[in-house]
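Thanks for making the time this morning. I would like to walk you through one model, beginning in its interior and then stepping back to the overall fold, so please have a look at it first.

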Amino acid sequence: MAQFTVNTTRFDPYKNFKFRVKWDGKPVAGVSKVGALTRTTAVVEHREGGDPSTQRKSPGRTQFEALTLERGVTHDREFEAWANKVYSTEGDGAVSLASFRKDITIELINLQGTVVTAYNLFRCWVTKYTALPDLDANGEGVAFESIEITYEGFERDEAVVEALET
């Protein structure tokens, strides 16, 4: 069976270095790394008294692993602004219950620049914010800020289908 239904002569899977993250209806600037999108369903083991000495297994609760987004430190304050929705030093430290969650979209893009698959993540919020990484006077790397988000589910965007590659 062909791995690609439209581009039947294509053998190479998509690369992991072209992607886009969107929230609030627009791309998020400068994201250079996105953690793996992972869900895990627990195994519930049980046995009946008359069964052999082996366990039966059935699916239990499903959990979605936290997702980390990284980007180079700039003057864009989108990561910090979202992270501040659940932490405030102003007044009594109240958080924004009406707007701390966002739905986000992660799009994978082929070498031609076409979106080839997309996933929508639901009810996301920032659980960890790193404003500055470890700094090293002898280093030569880029300074990255990051957010770790928790979410309540994801699904593939079925509207994104394989496009003819030219």
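Let me begin with the largest nonpolar core, which has 18 residues, and in which Trp-23, Trp-82, Leu-121, Ile-147 and Ile-149 touch the most other members. At least two residues of this core come from each of strand 1 (19-23), strand 6 (67-72), helix 1 (78-83), strand 7 (102-109), strand 8 (115-130) and strand 9 (144-150). I should say at once that this is a predicted model.

What does Trp-82 contact, once its neighbours within four places in sequence are left aside? The list includes Trp-23, Ile-147 and Ile-149, and these three also belong to the group of core residues that touch the most other members. Trp-82 is in contact with Phe-100, Lys-102 and Ile-104 as well, and with Cys-124, Trp-125 and Val-126.

Stepping back to the fold, the protein has one helix and ten strands, and from the N terminus the order is β-β-β-β-β-β-α-β-β-β-β. With a radius of gyration of 21 Å, well over the 15 Å that the globule rule gives for 166 residues, the protein is more spread out than a compact globule. The C-alpha atoms fill a box of roughly 65 × 55 × 40 Å along the principal axes, and buried residues make up 22% of the 166. Even so, among contacts with a separation of 6 or more, 61% are between residues 24 or more positions apart.

Turning finally to the surface and the charges, the protein exposes about 11500 Å², of which carbon and sulfur atoms supply 50%. There are 20 positive and 25 negative side chains, and the centres of the two sets lie 3 Å apart.

Definitions and conventions:
Residues are numbered from 1 along each chain as its sequence is written. This is a predicted model: local features need pLDDT of at least 70, side-chain atom pairs count only at pLDDT 80 or more; totals for chains, interfaces and linings use all residues. Side-chain values use heavy atoms; hydrogens and water are left out. Helices (H or I, at least four residues) and strands (E, at least two) are DSSP runs, numbered from the N terminus. The radius of gyration is taken over C-alpha atoms; the globule rule is 2.2 Å times the number of residues to the power 0.38. Buried means under 20% relative accessible area, exposed over 50%, partly exposed in between (1.4 Å probe, protein chains only). Contact means heavy atoms within 4.5 Å. Accessible areas come from the Shrake-Rupley method with a 1.4 Å probe; for residues, only the protein chains shown count as cover. Lys and Arg count as positive and Asp and Glu as negative; His and the chain ends are not counted. The place of a charge is taken as NZ of Lys, CZ of Arg, CG of Asp or CD of Glu. A nonpolar core is a set of buried Ala, Val, Leu, Ile, Met, Phe, Trp, Tyr and Cys residues joined through side-chain atoms within 4.5 Å.
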